[in-house]
Amino acid sequence: MPRRAAFRRLAVTALVLALTTAAAVVAVVVATTSRRSVTPLCQVVATSGRYQLALDQAANAATIAAVGKAAGLPDHAVTVALAAALQESALHNLAGGDRDSVGLFQQRPSQGWGTPTELRTPSYAAAAFFRALQNESGWESLPVTEAAQLVQRSAAPDAYAVWEQEARAVAEAVTGEVAGGLACQYNSDGSGAAASSSAPSTSLADAMRTELGSSSFTTSTRASQWLVASWLVAHASTYQITSVTFDTYRWVSSKAVWTTVSPARADLAITVAGHGHAPITDSSTV
């Protein structure tokens with residue numbers, strides 16, 4: 001074969017290989033982009049401020065609010081409890097602490113708060129805090145830090161004041177005072193650190209009954225309906241809830257924001273991964 005022809009064939013072969021490699025690279029980039037993970041986080045947007053929470057912090061805050069409101073307590077009680085939990089544990093359910101302190105409020109089994117297992121259960125710990133708060137005369141009219149100190153008996157009694165503004169903003173969002181005040185994002189396809197690694201210990205319906213007092217999505221007031229909606233969003237990663245729709249708002253698991261929809265829904269509906277994304281409404285079985 002002439003040297004010039006052989007050179008041309010070699011050049012063509014090299015070009016084909018280069019183009020094939022480039023196409024493979026593009027394919028990998030496209031595939032990676034299509035599976036892009038979201039950063040697990042929650043956004044609080046309320047009249048008292050804007051804050052960012054981790055998924056577990058938001059879930060714990062929503063549990064505290066649900067337990068307080070189910071007990072018939074005012075929003076101020078929720079703010080007090082949130083300020084205490086922010087100071088004691090940063091809203092994380094801690095396995096330990098000073099001496100035998102555990103959980104969200106760093107309650108001590110040796111002081112009669114409950115067993116370590118009970119105090120590591122956020123709904124139990126919140127209920128214990130609220131019972132203690134209700135036993136203190138005049139707490140309703142006290143500033144947040146003073147009311148929290150009545151329960152916590154901290155060596156730093158003024159420390160709760162540092163968290164008052166954030167606690168109030170989070171309370172506005174999770175009690176339903178501010179519509180759509182809490183939104184979280186997580187990887188609902190099972191990828192990423194935020195996806196549940198195992199099945200939750202209780203069903204969604206059981207958790208709602210324990211914390212909200214009912215597994216129904218229908219409540220008597222708009223604020224309480226938003227409390228339920230916020231609770232569902234805060235616990236979405238645990239129960240693989242992929243959307244929540246209420247009124248003219250819709251949340252989806254890939255975005256930490258509520259968007260407007262039309263027409264408005266009079267009831268509250270959710271979709272859950274593995275259920276064919278059929279909406280679950282108040283008339284459905286959770």
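This passage describes a three-stranded sheet, the disulfide within it and the helices that pack around it, in a predicted model.

Strands of a sheet pair through backbone hydrogen bonds, in either a parallel or an antiparallel manner. In the present model, three strands form an open sheet in the order 2-1-3, and their pairing is antiparallel. Strand 2 and strand 3 stand at the edges with a single partner strand each, so one side of each has no neighbour in the sheet. On average, neighbouring strands are turned by 15° against each other, direction ignored.

The pairing can be followed strand by strand. Strand 1 (residues 41–46) is joined to strand 2 (residues 49–53) by five bridges, and the two run antiparallel. Strand 1 and strand 2 form a hairpin, with two residues between them. Within this pairing, Val45 stands opposite Arg50 of strand 2, while Cys42 has Leu53 of strand 2 as its bridge partner. Strand 3 (residues 182–185) is joined to strand 1 by four bridges, and this pair also runs antiparallel.

Cys42 has a further bridge partner in strand 3, namely Cys184. These two cysteines also form a disulfide, with their sulfur atoms 2.1 Å apart. A search of the whole structure finds one disulfide. The link connects distant parts of the chain, since Cys42 in strand 1 and Cys184 in strand 3 are 142 residues apart. The angle about the S-S bond is 110°, and the link is right-handed. Both Cys42 and Cys184 are buried.

Two helices are in contact with the sheet. Helix 2 (residues 55–70) packs on it and touches strand 1, strand 2 and strand 3, its direction making about 145° with that of strand 3. Helix 7 lies across strand 1, strand 2 and strand 3, and runs at about 85° to strand 2.

Helix 7 (residues 164–174) also packs against helix 3 (residues 75–89). Two packed helices are described by the angle between their axes and the distance between the axes. For helix 3 and helix 7, the angle is about 125° and the axes are 8 Å apart. An angle that is neither over 145 degrees nor from 65 to 115, nor under 35, counts as oblique; helix 3 and helix 7 are therefore oblique to each other. Helix 3 passes helix 7 in a right-handed crossing. On the side of helix 3, the residues in contact are Val78, Thr79, Leu82, Ala83 and Leu86. Those they meet in helix 7 include Glu164, Ala167, Val170, Ala171 and Val174.

Technical notes. Residues numbered from 1 in each chain as written. Predicted model: local features only at pLDDT ≥ 70, side-chain atom pairs only at ≥ 80, totals over all residues. Heavy atoms only, no water. Disulfide = S-S within 2.5 Å. Buried < 20%, exposed > 50% of the residue type's maximum accessible area, 1.4 Å probe, protein only. Pairing = 2+ DSSP bridges. Axes fitted to C-alpha atoms, helices over the stretch in contact; angles between N-to-C directions. Left-handed = near helix turned anticlockwise from the far one by under 90°. Contact = heavy atoms within 4.5 Å.
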